[in-house]
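Reader: I would like a close look at one part of this model: the open space in it, what lines that space, and how the surroundings are packed. Please keep it plain.

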Amino acid sequence: LGAQRVNIWLFHNGGYCYTGEPIQKLSVIYESNDEGVEPVMHIFQNQPIGIFQRNLEKLSKNDYFYEYNELQHKDSLAAINLLYKIVSSGLFKLKNKEGYFAGVLAIGYDHHHAITSGEVEIIKEVAKVIEMELARHRNA
């Protein structure tokens, strides 16, 4: 697919507010980068989901979406992506075995790359394999 970065993000409980309310967080559990692309998995651990609110809202309504990262989005994720030289990205919803939104498969490019419908189908199949592996690991 020619991507420079692939990440798998999963939701998890990250502690509690002073009010006792739970805080849901996201962490990168897997990363693959082209040579010369700076790893970020060690940085993106226990991230409050509010940082990614705009993208998570889009994914909650769709199985995937593509975006060209520009600072005009006024979105912290777009700024983060540009900082790490990811110009465009495809985000794909990962579901748990009960069908709930459980994480994100992120495909990042260092150039403007419009993901084709054929690539979308391939990535959706990869996402299904990841979902099965996560379910198998959870049951182990």
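Author: Helices (H or I, at least four residues) and strands (E, at least two) are DSSP runs, numbered from the N terminus. The model is predicted, with local features requiring pLDDT of at least 70 and side-chain atom pairs pLDDT 80 or more, while totals for chains, interfaces and linings use all residues. Numbering starts from 1 along each chain as its sequence is written, and side-chain values rest on heavy atoms, with hydrogens and water left out.

The protein has three helices and six strands, which follow one another along the sequence as β-β-β-α-β-α-β-β-α. Of its 140 residues, 39% are buried (under 20% relative accessible area with a 1.4 Å probe, protein chains only; exposed is over 50%, and partly exposed lies in between). Contacts (heavy atoms within 4.5 Å) often link distant parts of the sequence: among those between residues at least 6 apart, 51% join residues at least 24 apart.

Now the pockets. A pocket is an open set of points on a 1 Å grid where a 1.4 Å probe fits, with protein on both sides within 12 Å along at least five of seven lines; its lining residues have an atom within 4 Å of a point. Its volume is the space filled by probe spheres set on the points, which are joined across faces, edges and corners.

The largest pocket has a volume of about 220 Å³. It is lined by 13 residues, and those closest to its centre are L10, N96, A102, L134 and R138. Strand 1 (5-16), strand 6 (101-109) and helix 3 (117-139) are the elements that give two or more residues to this lining. Helix 3 has the largest share, with four residues. By class, seven of the lining residues are nonpolar (Ala, Val, Leu, Ile, Met, Phe, Trp, Tyr, Cys, Pro), two are polar (the others, Gly among them) and four are charged (Asp, Glu, Lys, Arg).

One residue to look at alongside this pocket is K95. K95 belongs to strand 5 (residues 88-95) and is partly exposed, at 31% relative accessibility. Apart from neighbours within four places in sequence, K95 is in contact with D63, Y100, A102 and E131. A102 is also one of the residues closest to the centre of the largest pocket. The C-alpha atom of K95 is 9.4 Å from that of M132, although 37 residues separate the two along the chain.

The second largest pocket has a volume of about 160 Å³. Its lining consists of L1, G2, A3, V6, I8, Y30, S32, L105, I107, I123, V126 and I130. Strand 1, strand 2 (22-33), strand 6 and helix 3 each supply at least two of these residues. The largest share is again that of helix 3, here three residues. The lining has 10 nonpolar and two polar residues, and no charged ones.

S32, from that lining, is also a contact of Q4. Q4 lies in the segment before strand 1 and is buried, because its relative accessible area is 10%. Besides S32, and leaving aside neighbours within four places in sequence, Q4 touches N33, D34, V37, G108, Y109, D110 and H111.

The packing can be described through the nonpolar cores (sets of buried Ala, Val, Leu, Ile, Met, Phe, Trp, Tyr and Cys residues joined through side-chain atoms within 4.5 Å). The largest core has 13 residues, of which W9, L26, L56, L91 and V104 touch the most other members. Strand 1, strand 2, helix 1 (53-61) and strand 6 each supply at least two residues of this core. A second, separate core has 12 residues, including A3, L105, V120 and I130. Three of these names, A3, L105 and I130, also appear in the lining of the second largest pocket. Back in the largest core, V104 touches N7, I8, W9, L56, L59, L91, F92 and L94, not counting residues up to four places away in sequence. I8 is in turn part of the lining of the second largest pocket.

Strand 2, which contributes to that lining, also holds I23. I23 is partly exposed, with a relative accessible area of 24%. P48 is 25 residues from I23 in sequence, and their C-alpha atoms are 7.2 Å apart.
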